[in-house]
Amino acid sequence: MSIVFFVDEVGARVIENTRHRPQNYTIVYDPRRYENQPWLHVTGVHAIPHPPKNERQIFLEQLGSPQLGIICSYSRILWKELIDFFPMGVVNLHGGKLPEYRGANTLQWAIINGEKSTAATLHFVDKGVDTGPVIDAAEVVIETNDTMLSVLGKILNASVYLLDIWLPSLLQGKVPSYPQDESKAHVWPSRTPDDGLINWSQSDEEISLLTRALAAPWPGAFYYTNDNRKVVIDHALSPYEVAELRKKVAGE
């Protein structure tokens, strides 16, 4: 049965590691961000770029007659006709608890907010963003020494686990799901590198959480010295280390 995966390089790693991955499948990628990447040229993979709006019909013809769509770490929104194109529907592997963590950069937000856990959530895709019925979720613990990179690794493993469990049933069209509780819904906005500016009015703990969420390979938290020199912190700081840095900055 034909499956189309909508992925970036992170999502491609999930697909490569699932037990039930078909030998031949199609992936759709964002050409604005990726081109000529090694993961686009794997044996048995047919890679198609996400189309501009005026080429959507051609794109649907390129897909052929797939039965199921799976989104995993994909930066583009699917339009209604594309969602309806799949007889078995489209599911998304979302990096965050739903409905509390809809939207963008949800793993970073979870760390910044001091959450003790997050989840990979498998849900059906509807016309909203991260609003469709939930199939299952695999919770992961956020340890006090976790950074965005280590939490992402946990989410990747949890996503593979969910696909291993549910892909056979999804292909049979026999998957139970339940609606999200809209009273608990929150949509988190996209973050930019400028959002890493440290606000010294925050507590040592809050600033520590920011450094953990933005540690390398992400752009890092940063501050400006009295002579307007930008200082980037590319690693996680403990609350104690933040307190020491605060003293240093205050004394400059």
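Select P99 to start: in this predicted model, P99 sits in the loop between strand 5 and strand 6 (102–103). Look at the peptide bond just before P99. A cis bond joins L98 and P99 there, with omega at about 10°. That is worth a pause, since most peptide bonds are trans.

**A second cis bond**

Now jump to P217, in the loop between helix 6 and strand 10 (221–224). Which form does the peptide bond from A216 to P217 take, cis or trans? Turn the view until you can see that bond edge-on. The A216 to P217 bond is cis, and omega is near 15°.

**Back to strand 5**

Next, select H94, which belongs to strand 5. H94 is buried, with a relative accessible area of 7%, and the cut-off for buried is under 20%. Show everything around H94 and you get quite a list. Setting aside residues up to four places away in sequence, H94 touches Y101, R102, G103 and T106. It also touches A119, A120, T121, H123 and D130.

**Two loops with a positive phi**

Follow that last contact of H94 over to D130. D130 lies in the loop between strand 7 (117–124) and strand 8 (134–141). Is D130 buried or exposed? Switch on a surface and have a look. D130 is buried, with a relative accessible area of 9%. Check the backbone angles here too: phi of D130 is near 60°, a positive value in a residue other than glycine. Most residues other than glycine have a negative phi.

For another positive phi, go to N228, in the loop between strand 10 and strand 11 (230–233). Phi of N228 is near 70°, and N228 is not a glycine either. With the surface still on, N228 counts as exposed, at 60% relative accessibility.

**Helix 1**

Now select residues 9–17, which make up helix 1. Begin just ahead of the helix, at D8. D8 caps the N-terminal end of helix 1, and one of its side-chain oxygens lies 2.9 Å from the backbone nitrogen of V10. Colour the buried residues of helix 1 next: V10, G11, A12, V14 and I15. As you look along the helix, keep in mind that an α-helix has 3.6 residues a turn, so residues three or four places apart point the same way. What do the buried residues of helix 1 pack against? They pack against strand 1 (3–7), strand 2 (25–29), strand 4 (68–72), strand 5 (90–95) and helix 5 (148–172).

**Strand 3**

Strand 3 (residues 45–49) is the next selection, and P49 is the residue to pick in it. P49 is partly exposed, with a relative accessible area of 34%. Draw a distance from the C-alpha of P49 to the C-alpha of V28. The two residues are 21 apart in sequence, yet that distance is 5.5 Å. Leaving out residues up to four places away in sequence, P49 touches V28, Y29, P31 and F59.

**Helix 6 and T211**

Move on to helix 6 (residues 204–214) and select T211. Where H94 and D130 left a few per cent of accessibility, T211 needs just its own number: T211 is buried, at 0% relative accessibility. Zoom in on its side chain, where a polar atom lies 2.9 Å from the backbone nitrogen of L237. Beyond its neighbours within four places in sequence, T211 is in contact with A221, I233, H235, A236 and L237.

**Where helix 6 meets helix 7**

Keep helix 6 selected and add helix 7 (residues 239–251). How do the two axes cross? They come within 8 Å and cross at roughly 105°. That makes helix 6 roughly perpendicular to helix 7. To see the contact, show D204, E205, I207 and S208 on helix 6, then P239, V242, A243 and R246 on helix 7. Coloured by type, the residues of this contact divide into four nonpolar, one polar and three charged.

**Zooming out**

Finish by clearing the selection and viewing the whole chain. You are looking at seven helices and 11 strands. The C-alpha trace spans about 65 × 35 × 30 Å along its principal axes. Of the 252 residues, 48% count as buried. Among contacts between residues at least 6 apart in sequence, 60% join residues at least 24 apart. With the surface on, the chain exposes about 13000 Å², and carbon and sulfur atoms supply 51% of it.

Note on methods. Residues numbered from 1 in each chain as written. Predicted model: local features only at pLDDT ≥ 70, side-chain atom pairs only at ≥ 80, totals over all residues. Heavy atoms only, no water. Helix = DSSP H or I, 4+ residues; strand = E, 2+ residues; numbered from the N terminus. Buried < 20%, exposed > 50% of the residue type's maximum accessible area, 1.4 Å probe, protein only. Polar contact = N/O pair within 3.5 Å; in protein donor to acceptor, adjacent residues only side chain to side chain. Contact = heavy atoms within 4.5 Å. Axes fitted to C-alpha atoms, helices over the stretch in contact; angles between N-to-C directions. Parallel < 35°, antiparallel > 145°, perpendicular 65-115°, else oblique. Nonpolar A, V, L, I, M, F, W, Y, C, P; charged D, E, K, R; others polar. Areas by Shrake-Rupley, 256 points an atom, 1.4 Å probe, with all protein chains shown as cover.
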